[in-house]
Amino acid sequence: MVCRSHILICNGTGCVASKSPEIMAKLNEHLAANGIEKEVKIVKTGCFGLCEKGPIMVIYPEGATYCHVSPDDVEEIVNEHLVKGRIVKRLLLGDKDAEDVAKSLENVGFFARQQRVALRNCGVINPENIDEYIARDGYAALAKAVTEMTPQQVIDEIKKSGLRGRGGAGFPTGLKWQFAAQEVNDQKYVCCNADEGDPGAFMDRSVLEGDPHTVLEAMAIAGYAIGSNQGYIYVRAEYPIAVQRLKIAIDQAREYGLLGKNIFGTNFSFDVDIRLGAGAFVCGEETALMTSIEGKRGEPRTRPPFPAVKGLWEKPTILNNVETYANIPMILLKGAEWFASIGTEKSKGTKVFAVGGNINNTGLVEIPMGTTLREVIYDIGGGIPKGKAFKAAQTGGPSGGCIPAQHLDTPIDYDNLIALGSMMGSGGLIVMDEDNCMVDIAKFFLEFTVDESCGKCPPCRIGTKRMHEILERITEGKGEEGDIEKLETLAESIKQGALCGLGQTAPNPVLSTLRYFRDEYEAHVKEKRCPAGVCKAMLNFSIIPEKCKGCSLCAKKCPVGAISGEIKKPYVIDTAKCIKCGVCMDSCKFAAIEKK
Amino acid sequence: MSEFVTLTIDGKEVKAPKGSTVLEAARSAGINIPTLCFLKDINEIGACRMCIVDVGARSFQAACMYPVSEGLKVITNSPKIRETRKVTLELILSSHEKKCLTCVRSKNCELQTLAKELNIKDIRFEGELQNYPIDDLSHSVVRDPNKCVLCRRCVSVCKNVQTVSAIDTMGRGYKTIVASPFHMPLKDTPCVNCGQCIVACPVGALREKSSVEKVWEALSNKDLHVVVQTAPAVRAGLGEEFDYPVGTRVTGKMVTALKMLGFAKVFDTDTAADLTIMEEGTELVDRIKNNGKLPLITSCSPGWIKFCEHFYPDMLDNLSTCKSPQNMFGAVLKSYYAEKMGIDPAKIFVVSVMPCTAKKYEAERPELASTGYPDIDEVLTTRELAEMIKEAGIDFKNLEDSQFDDPMGEATGAGVIFGATGGVMEAALRSVPYLLTGKDDDNVDIKVVRGVETVKEAEVEVNGIKIKAAVVHGLGNARKLLDKIKAGEAEYHFVEVMACPGGCVNGGGQPIQPASVRFDLDLRAERAKALYEEDQGSTMRRSHQNPRVLKMYEEYFEKPGGHKSHKLLHTHYVARENYPENLE
C-alpha cells in the first residue's frame, strides 16, 4: 500500500524513555480521528543519534525533523502538518525561521558532517521488520559471500579494507579472521561483543536497537569466512530493548532461512544465540567475555593462547564488537577500496562516537576517521553550552585519557589518540569545559575501575584502589608531598604488570591528566586549591559585602542555616556550618557570592 | 619424544620442551623467577603477577603461563621488571594483615619469603585494610580472609582437584574475597574438611582448628589417662617440621617425643589398620559370597566419607561399614584396653595424631561413640604435634628412638602402607586370599596399586573367584570413577578411595611445603617411599598375621564381623544435603 506520508519516530532507549511509545499511541489515535490512518504510515525506527533533542520524529515526504516532541504535541502535528500540510515550525530542528524550513536530515548541521556506514539504517528502518532491512540491501552481502566468494576471498576483502576493531584496541579485523580461519578444528565460534560498558558510550546499543540484522548478517559472513556454524552475541542485560530486537531479528532471519541450515541453498549453515551479561565491565574483555559465556565467573585469563587458537570452550573463536560487524556488509557490497578510501592512512572507514558532557548536541555521531576533534565538538556537537571555554575531551572511557585544547585540531584516528596518551576505545567522547577539575575527572574514572576490577590480579585490584585513595586525599585537600610521584609509580607498574587490558589501561586517565594538567594536581597538593572550583573540601563560600543587597534570599535557601544578617545589610556565611552545597550561589541574584 | 625449542633467557641460550612455560625453562636453566599464586599442576593462572617477565610484548607477561617458542627472547631481570614486581608485592603487602609474629605460618610463609627475596624494605602504598570475620566454626578448617592474598590456590584445589567447590572468589575489585556460597560458615557447606586448601595456602589465611591447648590441658589433668595414637603417614611427614628432607621417616624420635610430652601410652594406629583389614576384608568376602552390594568402597578417609554423603548419597550402601582405623582404635581403647587395664573408660582420653584435618571432624561425629564415650577425644595434625614438641622445648633431632607401647604397639607392614594411596587396597589384597581360603598366596608386593597415577586397577584370583579392584585418590578422580561405575562403564568388587591426592601422606594436616619445593618434588611419592621402605623391612607384612590383633579377637571380639565388632568397630552413614533450602 502506498502512503502519502511516512512518520519515522525514534524508538531507541533514550526516546523511549522520553515517551516515544506514548507519542506513537497518540499518533494512531489522532490519525484515526481524522480518518487518515490508512494514508499515513508510522515507522518505528532506531536511534537518529540526536539524543539531546529527543524524542525525534521525521515526517516524509517533507523531511521535516521535529525534536523534543511530547505526546501533547501530537494533536497539533496531525492537524497542522498531516491534515493541513502546514509544518509545525516551533518543533523543527535547526533554524526555525529559514526559508526552507523543511530541511532534510542530511542538511541539518548535526548530520551534515557525518558519514553513516555503521549507522546507515539507524533511524531509517524499522528494526523489527526484516523486509525493511532487506529493502536496504540487507543480507545481500551474505548472499554474495556464500554464493560468489570463497572464505579466503572474504577474509582478503576485509583485510584489504583496513577495518580495525571498533571495540577499543583497533586490531585489524581481517587478520583476526585469518588467524581463526587457519586453525583446523571441527568446531569454531563467532562471538559478538555487545557488552558495551564505557560510561556514556551507547553506540553498540543504538546499532542493536536500530539495525540488529546487520550484526546477524556480519556474524554469518564471519562464520563463513572462518568456518564456524555457531555465533554468540554477548549483550548486557541492561539493554532490554536491544535484546528484544535481537531476538525478533534472529527469529525472522531463521524464518527467512538467512540463519540456520544451508543458507542460500549452500552447504553453509550458521546460527546465532544470545547470551546475557550481568553487567561486569570486565566482561567486555575478550577472554573474560568468553569465560562468562561458558557460565563461569567473568574474569580474564592470560594470553596466549589467543581466542583465535583457543577461545570459547577452548575452540578457535573470533570476537568482534557490534560496530565492527556493522561495517562488514557494506565492505562486501561496496568493496574494500570504497571503505579504504574513507579515513586516514592507518585508520580506515568511519567511527561512531557517543558525544556527551558539556556539549550542546549530546548524542551519537559517525564521522570519517581523520575528522578533527574541533569539527566533532564545534561543527557537529554545536559547541559548549553557555559559551564556556573548552578544556579537554575524554576519549576511550576509563581506559582512555584527556585531550587538551592544544590538540583540538588533531585528526582522530587510532594512532593519533594513542600518541596523545588517550585511545579510541569504543568511542565515548566526553567534553569538559573550564568548570571541570581534571583531578576530579581522573578520580571519577578511577573510581569506576576500582569498582569494576575483577579482582584477579593485584596491580589492578589493589593498585587502582591505592591510586584512588591518593586521589581522594588530594581532592580533599589532604594531599601530601610525593603523592603525585606515587601516582606515577603506581600507574607505570599497573600498566606493565596488570593481567588484562582493563588493568593495563586503568591508569590512563591519571597519566594523561598528569601529562596535560600537572599544574592542577600541584595546586591541589601544594596550595590546597582547586583551580576549577570543584573540589569542595578546598572551597570556601563567602559573600562579597559590596555586592550583597541584604535581600536574605540566600539565608532562606541555605539548608543548614549557615547564613545570617540583617535585611538590607550584607549577609555573612558561617564557614564552620557551611556544607558547601552551592545553593546560596545559585540563588543569589546579584552575583554576590563567590567560592574560592 | 617431545620436541625442543631454543630460546634466550637473560642472554643465555636455553633448550626447553615445546609446550613448556618460560618459568619452567628458566628454572631448568637455574634462573629463579619469583612466584606466588603458582602451584604446579594445581593453580596455573598467572594472577599474582610476581613472575612477570619481558618477552617483548606491550606489557610484561606471566612466566608461569607464557609458552616457550623458538627464538623467544626473555628478560627476567631488569630495573623495570624488578620495580614492577616490587610495587605489586608492596600492594599485596599493603592489603595483607601483617600480624606475622603471631601467625601460624610465620617462618613458613611464601609471602614473607618473597618480601625478603625481593628486598622489600618499605611499603610505599599503605591504605585501607579489609576487616572480615574469621570463620572458625568448622571442626577442621579456620579461614581468615584478612590474611588472604587471593592467589586462589585454595579455590583451585577445592574446585578442580577435589571438585567440592566449597569456596570460590566472590565480589569484585578490592572487595574480592574467597568465600563459601552465601558466606555460610564452612561447616554448613559441603566442605569435606580435607584441608587441601590449607596445604595449598601460601600464607596464614587457612589453618586447622587447633586442638593444641585442649591436649595440653588433658595432659596436665592428673585424673585422666591420656593416650595417643599416630597414623602411619605422620612418621613420614613430621621430620619436615624439623628440617629433615622430605620423605624421612622419624618414627622412633616421634614416639620418644610423645612420651616426653606426657602421654601415658603411645600407640600405633597401624595396629588398628590391621584390625580394619580383618573387618573390611571379611566384609568384602561376605559381600562377594552372599551377593551383597558391590563394589565395596573403603571408609578410612573421612573426607571421602563426607564427600560421598553429599554428592553420592545413593552409594552409601557401597561404603564399608567399618569405622576408620582412627575410630576403631578409639573404640578398642575405651572397651578392650580399658577392661584389660582396669581403667574406667570415662577417664581415658584418646588423642590421635593424624596427617588429616577431616579426622577432627570425624572425631566429632556423634555416632562414633559406641562405647558410650566418644571414640576419640582430640585430634592433632602432624603440624600441631610439631608445634607441641617445639613448645615443650624438645630437641627433636637429638632424640633417641623408642618403641610404641604395648598391648597395641605391634603392627604389620600392611598397616603401615595405609598412609599412601593404594595402601589399603594392597593390605586388603594381602589378606583376602587368607580370609577366603584360610591360606596365603604368594603375592605380598602388589605394586600395580602403588604410585601417584590417578586410577590404578588390580585383579586377583582366589580359588577361581576373580576380584577386580580399583584405587583412586583425590576426590575429583573419585568423582570420575564413581560416575563410571554408576553409568555401568566400570565394574569392580572393591574400590579404595582416599580424599587427598596421594593418600594420607599428602593429607591436609601434613607439614606445608612451599610451591618452590613442590615444583621439583612430588611430596606424594617422596613421603610414600618412607612407608613402603618400612613395609619392606617388616617381618610381618599381612594384617591377619598381627599377633596383637589376633589376640584381640581371641580375648574380646571373637571374630571379624562378629557381634562385638559390629557394635564397636562398625558404623553407618547419612545422606547430607549440599546447601540448606532455607537460607537466612
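How many bridges join β15(B) to strand β16 of chain B, and do they run parallel or antiparallel? The fourth legend below has the answer, and every view comes from a predicted model.

**Figure 1. Chain A as a whole, a good place to get your bearings.** In this predicted model, chain A holds 23 helices and 17 strands. Its radius of gyration is 26 Å, close to the 25 Å that the globule rule gives for 596 residues, so chain A is as compact as a globular protein of that length. Along its principal axes, the C-alpha trace of chain A spans about 85 × 65 × 40 Å. Buried residues make up 55% of the 596 residues in the chain. If you like contact maps, here is a figure for yours: among contacts in chain A with a separation of 6 or more, 71% come from residues 24 or more positions apart.

**Figure 2. Strand β1 of chain A and its pairing with β2 and β3.** Here we zoom in on β1(A), which covers residues 5–10. With strand β2 (residues 40–45) of chain A, β1(A) pairs in the parallel sense over six bridges. One residue pair to look for is Cys10(A), whose bridge partner in β2(A) is Thr45(A). With strand β3 (residues 57–60) of chain A, β1(A) pairs in the antiparallel sense over four bridges. There, Ile9(A) has Met57(A) of β3(A) as its bridge partner. As a reminder, strands of a sheet pair through backbone hydrogen bonds, either parallel or antiparallel.

**Figure 3. A three-stranded open sheet in chain B.** The strand order is β2-β1-β5 (chain B), and the pairing is mixed. At the edges sit β2 (12–17) and β5 (73–74) of chain B, each pairing on one side only. Strand β1 (residues 4–9) of chain B runs parallel to β5(B), and two bridges join them. To find this pairing in the model, start from Ile9(B), whose bridge partner in β5(B) is Val74(B).

**Figure 4. A four-stranded open sheet in chain B, and the reply to our opening question.** This sheet has the order β12-β17-β16-β15 (chain B), again with mixed pairing. Its edge strands are β12 (296–297) and β15 (455–462) of chain B, and each of them pairs on one side only. β15(B) is joined to strand β16 (residues 465–473) of chain B by eight bridges, and the two run antiparallel. A handy landmark is Val455(B), which has Val472(B) in β16(B) as its bridge partner.

**Figure 5. Where domain 2 of chain B touches domain 3.** Chain B is divided into domain 1 (4–77), domain 2 (93–208) and domain 3 (212–569). Taken over C-alpha atoms, the centres of domain 2 and domain 3 of chain B are separated by 30 Å. The contact involves 21 residues of domain 2 of chain B and 27 residues of domain 3 of chain B. On the domain 2 side, the elements that give two or more residues are α3 (110–117), α4 (153–161) and α5 (196–200) of chain B. Of these, α5(B) gives the most, with three residues. By residue class, this side of domain 2 divides into nine nonpolar, ten polar and two charged.

**Figure 6. The side of chain A that touches chain B.** Here 29 residues of chain A are in contact with 30 residues of chain B. On the chain A side, α17 (438–452), α18 (458–475) and α19 (483–497) each supply at least two residues. α18(A) gives the most, with eight residues. The residues on this side of chain A divide into ten nonpolar, nine polar and ten charged.

**Figure 7. A closer look at helix α18 of chain A.** What span should the 18 residues of α18(A) have at 1.5 Å a residue? The expected value is 26 Å, and the end C-alpha atoms are 25 Å apart, which agrees. Since 15 of its 18 residues are buried, α18(A) is largely enclosed by the rest of the structure. After the helix comes Gly477(A), with a positive phi near 80°.

**Figure 8. Lys549 of chain A in its loop.** Lys549(A) is found in the loop between β14 (541–543) and α22 (553–557) of chain A. Lys549(A) has 15 C-beta neighbours inside 10 Å, so it counts as partly exposed. For a long-range reference, try Ala118(A): it lies 431 residues from Lys549(A) along the chain, and their C-alpha atoms are separated by 57 Å.

Notes
Residues are numbered from 1 along each chain as its sequence is written. Chains are lettered from A and ligands numbered from 1 in the order in which they are written. This is a predicted model: local features need pLDDT of at least 70, side-chain atom pairs count only at pLDDT 80 or more; totals for chains, interfaces and linings use all residues. Two residues are in contact if their C-beta atoms, placed from the backbone, lie within 7 Å. Ala, Val, Leu, Ile, Met, Phe, Trp, Tyr, Cys and Pro count as nonpolar, Asp, Glu, Lys and Arg as charged, and the others, Gly among them, as polar. Domain bounds come from an automatic or database domain assignment. The expected span of a helix is 1.5 Å times one less than its number of residues. A residue is buried if 20 or more other C-beta atoms lie within 10 Å of its own, exposed if 12 or fewer, and partly exposed in between; C-beta atoms are placed from the backbone. Two strands pair if DSSP finds at least two bridges between them. The radius of gyration is taken over C-alpha atoms; the globule rule is 2.2 Å times the number of residues to the power 0.38.
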